[in-house]
Amino acid sequence: MDGRGVPLSHVVTGANRHDVTQLELVLVEIIIDRPEDVEQHLCADKAYDGNPAKQIIVSHEYIPHVKARGEEIQEKSNNPAWKARRWVVEVSHSWFNRFRKILVRYEKRADTYTALLHMATAIIAFRKVGFIYG
């Protein structure tokens, strides 16, 4: 997800796979080129705090920002105007939940489900651009 919550990549796996195990694949599957003259930051929750995950993040030339939920709550109480960055991901997940066809996966083939995810991603990106420029 970018800073506004627009999905940049998605990977279809089994429900029993943890997110951290798919970190490398998700970063490889990003579909847009990153600007080379701008530092790239990756915000994540405490699950990505382990050494292997941080090595993957750094190897893809991101600056890791991994915070526990308690740290974000403390920063919010110190500065009420502060917004937690990782909550952007939770908002994006709720946008995907609005598409009933992909909320529960009934497709047997991964390629048809991936196509539905691409369509939902395109609609979400179009709606976000409309809010920014419209």
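In strand E2, Val66 is the bridge partner of Ala44. A second pair to look for is Cys43, which stands opposite His65 in E2. Altogether, 4 bridges join E1 to E2, and the two strands run parallel. To get from E1 to E2, the chain passes through H2, and this β-α-β crossover is right-handed. Please keep in mind that you are looking at a predicted model.

**The two faces of E1**

Strand E1 covers residues 41–44. In a regular strand, side chains alternate between the two faces of the sheet. Which residues of E1 are on the covered face, and which on the uncovered one? Leu42 and Ala44 make up the covered face, while His41 and Cys43 belong to the uncovered face.

His41 deserves a closer look. His41 counts as partly exposed because its relative accessible area is 38%, a value between the 20% and 50% cut-offs. Leaving out residues up to four places away in sequence, His41 touches Tyr62, Ile63 and His65. With His65 there is also a polar contact, side chain to side chain, at 2.6 Å. You can also find Ile57, 16 residues away from His41 in sequence, with 9.3 Å between the two C-alpha atoms.

**The loop between H2 and E2**

Now follow the chain to the loop between H2 and strand E2, where E2 spans 63–66. His60 has its place in this loop, and Glu61 is found there as well. Is His60 buried or exposed? His60 counts as buried because its relative accessibility is 18%, and the limit for buried is under 20%. Glu61, on the other hand, is exposed, with a relative accessible area of 62%. Its backbone has something to notice too: phi of Glu61 is near 65 degrees, a positive value in a residue other than glycine.

What does His60 touch, apart from residues up to four places away in sequence? The list is Glu24, Leu27, Val28 and Arg34. One of these, Glu24, shares a polar contact of 2.9 Å with His60, formed by the two side chains.

**Glu107 and Thr114**

Further along, Glu107 sits in the loop between helix H5 (100–103) and helix H6 (110–133). Glu107 counts as buried because its relative accessibility is 16%, and buried means under 20%. Setting aside neighbours within four places in sequence, the contacts of Glu107 are Lys101, Thr112, Tyr113 and Leu116. The side chain of Lys101 also makes a polar contact with the side chain of Glu107, at 3.4 Å.

Thr114 is placed in helix H6. With a relative accessible area of 23%, Thr114 is partly exposed. A polar atom of its side chain lies 2.7 Å from the backbone oxygen of Ala110. Thr114 also touches His10 and Val12, not counting residues up to four places away in sequence. His10 is 104 residues from Thr114 in sequence, yet their C-alpha atoms are 8.4 Å apart in space.

Here are the side-chain polar contacts from this tour, side by side.

| Residue | Partner | Distance |
|---|---|---|
| His41 | His65 | 2.6 Å |
| His60 | Glu24 | 2.9 Å |
| Glu107 | Lys101 | 3.4 Å |

**The whole protein**

Time to step back. The protein has 6 helices and 2 strands. Read from the N terminus, its elements follow the order α-β-α-β-α-α-α-α. Of its 134 residues, 25% count as buried. The accessible surface is about 9,700 Å², and carbon and sulfur atoms hold 56% of that area. Among contacts with a separation of 6 or more, 47% link residues that are 24 or more positions apart.

**How confident is the prediction?**

The average pLDDT of the protein is 78, and 87% of the residues score at least 70. Where is confidence lowest, and where is it highest? Helix H3 (residues 69–78) is lowest with a mean of 72, and helix H2 (residues 51–59) is highest at 88. Where pLDDT is low, the predicted coordinates should not be read in detail.

Notes:
Residues are numbered from 1 along each chain as its sequence is written. This is a predicted model: local features need pLDDT of at least 70, side-chain atom pairs count only at pLDDT 80 or more; totals for chains, interfaces and linings use all residues. Side-chain values use heavy atoms; hydrogens and water are left out. Buried means under 20% relative accessible area, exposed over 50%, partly exposed in between (1.4 Å probe, protein chains only). A polar contact is a pair of N or O atoms within 3.5 Å; within protein, one must be able to donate a hydrogen and the other to accept it, and residues adjacent in sequence count only if both atoms are side-chain atoms. Contact means heavy atoms within 4.5 Å. pLDDT is the predictor's confidence in each residue, from 0 to 100. Accessible areas come from the Shrake-Rupley method with a 1.4 Å probe; for residues, only the protein chains shown count as cover. Two strands pair if DSSP finds at least two bridges between them. A crossover is right-handed if, with the strands pointing away from the viewer, the path from the first strand over the helix to the second runs clockwise.
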